[in-house]
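Here are some exercises to work through with the model open beside you. Try each task before you read its solution.

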Amino acid sequence: MTVEAVAETSTSHTSSVRRASRLRDYGILVALVVIVVALSLSTSTFLSTSNLVNVLDQCSVVGLLAAGATVCIISGVFDLTASATLALSAIIGVQVVQHFGVPIGFAAAVLTGAILGLITGTIVVRSGVNSFIATLATSIIYRGLAVVVTSGVIAYPLAEQAEDFGVLTWPSVFNLTSATVVFIVVVAAIAVLIAATTFGRRVYAVGGNAEAARLSGIRVGQIHVAAYVVSGICSALAGLILASRAGSAQSSMATGMELSAIAAAVIGGTSILGGEGAIWRGVVGALLLTLIGNGFNLLGWNTTYQQVVQGCLILLAVTVDRYLRKRAR
């Protein structure tokens, strides 16, 4: 083979890799635009201010969980404790609110989420058990603790605290709810942390090849623990949003929502093998799932089929990721 032929083959392969990368990066945006246009044309209420504000508000919970899940998956681990951490953090937050007021209670919930994330990460790293299994077992423990702490009953703030406790449902900037503003600010901060800091580069390195990262001097275990702490904080904030909406917290809240978060991350193009992904794409994946639910409601479709559509999206996303990885080799 001539030098020219080799160069041409190399150039063709490079172009193919770049196209695959662009598809992985921006394919989710194309899907989002298609759904937005379809709903705009098929319903008269989709583009109303009240509906758009509602969509963003509904996306805030799964979006926060998706951001945490994306950080974990990029680093090469899974977090199935998200919804249990959410519930336990919210419950502890409500109980602290009863004694010390709303601001301290909210801070206690976030601190609880961080501590639970630290515990989860330590268990995964120290035990050496696959993160999927280890976090599944840990989530059962956390959910059980939530039942023990509440004695199986719903936790409410005091009557005189109820209005302040609902602060995250109040209108805020541009008429968005406070929950949406918190969601946007936190996700933006995590996106900068992952995309523009040394820690973020280490997260990608560990997820891409943990052994190579270890040999280069990166403390892989610490990166995994830090990823779980970020996920725990996101879960706690999501729990506060749900509790603020309902005016209470209980052990069964958000059951199974960690799967929606992982689904959003995968649909957003985060590779389940680790090392590839972006926070913004995970959040767009969460928004896509929220829009599907919103569309079913606006169109009056049977929501039973909503899970079928979501499952197909997940399968498609994983298949596309596998195909693009093969082309990139």
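A pocket is defined on a 1 Å grid over the protein atoms alone, as an open set of points where a 1.4 Å probe fits, with protein on both sides within 12 Å along at least five of seven lines; lining residues have an atom within 4 Å of a point. Grid points are joined across faces, edges and corners, and a volume is the space filled by probe spheres set on the points. The model is predicted, so local features need pLDDT of at least 70 and side-chain atom pairs count only at pLDDT 80 or more, while totals for chains, interfaces and linings use all residues. Residues are numbered from 1 along each chain as its sequence is written, and side-chain values use heavy atoms, leaving out hydrogens and water.

**Exercise 1. Describe the largest pocket and its lining.**

Step 1: Start with the volume, which is about 540 Å³.

Step 2: Turn to the 21 lining residues; S260, L289, T290, Q306 and Q310 lie nearest the centre.

Step 3: Find the helices (DSSP runs of H or I, at least four residues, numbered from the N terminus). At least two lining residues come from each of α2 (49-74), α10 (220-246), α11 (257-267), α12 (279-299) and α13 (306-328).

Step 4: Sort the lining by class: 9 residues are nonpolar, 11 polar and 1 charged.

**Exercise 2. Which residues have the most contacts inside the largest nonpolar core?**

Step 1: Recall that such a core joins buried Ala, Val, Leu, Ile, Met, Phe, Trp, Tyr and Cys residues through side-chain atoms within 4.5 Å. Buried means under 20% relative accessible area, exposed over 50%, and partly exposed in between (1.4 Å probe, protein chains only).

Step 2: Among the 82 residues of this core, L64, I190 and I279 have the most contacts. Helix α2 gives the most to this core, with 13 residues.

Step 3: Follow I279 outward, setting aside neighbours within four places in sequence: I279 is in contact (heavy atoms within 4.5 Å) with A67, T70, V71, V187, I190, A191 and I194.

**Exercise 3. Look at T70 and N51: is each one buried or exposed?**

Step 1: T70, found in helix α2, counts as buried because its relative accessibility is 0%. Beyond four places in sequence, T70 touches A265, T270, A278, I279 and G282.

Step 2: N51 also lies in helix α2, and N51 counts as buried because its relative accessibility is 9%.

Step 3: The N51 side chain reaches the backbone oxygen of F46 at 2.8 Å. With residues up to four places away left out, N51 touches T45, F46, N294 and L298.

**Exercise 4. Why is α11 described as largely enclosed?**

Step 1: Count the buried residues: 8 of the 11 in α11 are buried, so this helix is largely enclosed by the rest of the structure.

Step 2: Name them: E258, A261, I262, A263, A264, A265, V266 and I267.

Step 3: Look just past the helix, where G269 follows with a positive phi near 100 degrees.

**Exercise 5. What is the phi of F174 and of N175?**

Step 1: Keep the background in mind: most residues other than glycine have a negative phi.

Step 2: F174 has a positive phi of about 55 degrees, and N175 has a positive phi near 70 degrees.

Step 3: Place them: F174 sits in the loop between α6 (162-165) and α7 (178-195), and N175 lies in the loop between α6 and α7.

Step 4: Check accessibility: F174 counts as exposed at 76%, whereas N175 is partly exposed at 48%.

Technical notes
Nonpolar A, V, L, I, M, F, W, Y, C, P; charged D, E, K, R; others polar. Polar contact = N/O pair within 3.5 Å; in protein donor to acceptor, adjacent residues only side chain to side chain.
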